Amino acid sequence: MNFLEERILKDGIVKPNNVLKVDSFLNHQMDISLMEQIGQEFHRRFADKTVTKVLTIEASGIGIACFVAKEFGVPMVFAKKSKSINIDNEVYVAEVESFTHKNKNNVIVSKKFLGEEDHVLLIDDFLANGCALQGLVGIAQSAGATVEGIGIVIEKGFQIGGQIIRNLGIPLESLAIIDAMDAETGTITFRAQ
Ligand code: 5GP
């Protein structure tokens, strides 16, 4: 079992509707030593890639992506939720359905911060149905950038996103893959990696 799986078993809480709460260490209160370790682990796993930017999505990916970007020594860019319309054609836009809130948001990245010269590593906290990542891949493609890889902290392997993203042929590294979880008993089963 790796450091993240151990922490999930210790502090993760299984909620109904396939939601895992990790807000005591990952996406509300953040354990900074753990973040540092996550940043180093993604750096190790993507060491053979050329990365010029780390790209994530507001809000819970931001903290993690900062630590990854620091390891690579590159900027971190996050796709922002936006209500405004792209009047001046200054931004790349993707529509993303939120897994946790069940609503749709447009997310945007300014054309100033992503272009065809970029090689991006996409980072997010969770992979569930894959909407957030598909939005980020779409934004990178609109920019003409190369997606070098995707780093996910927790993949819920019993949901469809992992399969959709693997079918795109982009290298995907998930630090923990949950194959099953039960809100009544609190049990979490990890995929052996
Ligand atoms: P997807 O777009 O893959 O369906 O969902 C990914 C996004 O939904 C992530 O950015 C994450 O913020 C949120 N999310 C998905 N599943 C969970 C979960 O079980 N727990 C928490 N805390 N967030 C989740």
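Me: Which strand do four bridges join to E3, and do the two run parallel or antiparallel?
Reply: Happy to start there, keeping in mind that this is a predicted model. Val54 of E3 stands opposite Met76. Met76 belongs to the strand made of residues 76–82, and the two strands run parallel. The strand that four bridges join to E3 is E4.

Me: And where does E3 pair with E7; what is the bridge partner of Lys53 there?
Reply: E7 covers residues 119–127, and three bridges join it to E3 in a parallel arrangement. In E7, the residue paired with Lys53 is Val120.

Me: Why is strand E3 described as largely enclosed by the rest of the structure?
Reply: In a regular strand, side chains alternate between the two faces of the sheet. Here both faces are covered, with Lys53, Leu55 and Ile57 buried on one side and Val54 and Thr56 buried on the other. E3 is largely enclosed because the number of its residues that are buried is five of the five.

Me: Which helix makes a β-α-β unit with E3 and E4?
Reply: The unit is right-handed, and its helix spans residues 61–72. That helix is H3.

Me: Which residue has a polar side-chain atom 3.2 Å from an oxygen atom of the ligand?
Reply: Good one to check, since 17 residues surround the ligand, with Leu20 and Asn129 among the closest. Leu20 offers a polar backbone atom 2.8 Å from a ligand nitrogen, and Ala128 likewise uses a polar backbone atom, 2.8 Å from a ligand oxygen. The side-chain contact at 3.2 Å comes from Asp125.

Technical notes. Residues are numbered from 1 along each chain as its sequence is written. This is a predicted model: local features need pLDDT of at least 70, side-chain atom pairs count only at pLDDT 80 or more; totals for chains, interfaces and linings use all residues. Side-chain values use heavy atoms; hydrogens and water are left out. Buried means under 20% relative accessible area, exposed over 50%, partly exposed in between (1.4 Å probe, protein chains only). Two strands pair if DSSP finds at least two bridges between them. A crossover is right-handed if, with the strands pointing away from the viewer, the path from the first strand over the helix to the second runs clockwise. A residue is near a molecule or strand if one of its heavy atoms lies within 4 Å of it. A polar contact is a pair of N or O atoms within 3.5 Å; within protein, one must be able to donate a hydrogen and the other to accept it, and residues adjacent in sequence count only if both atoms are side-chain atoms.
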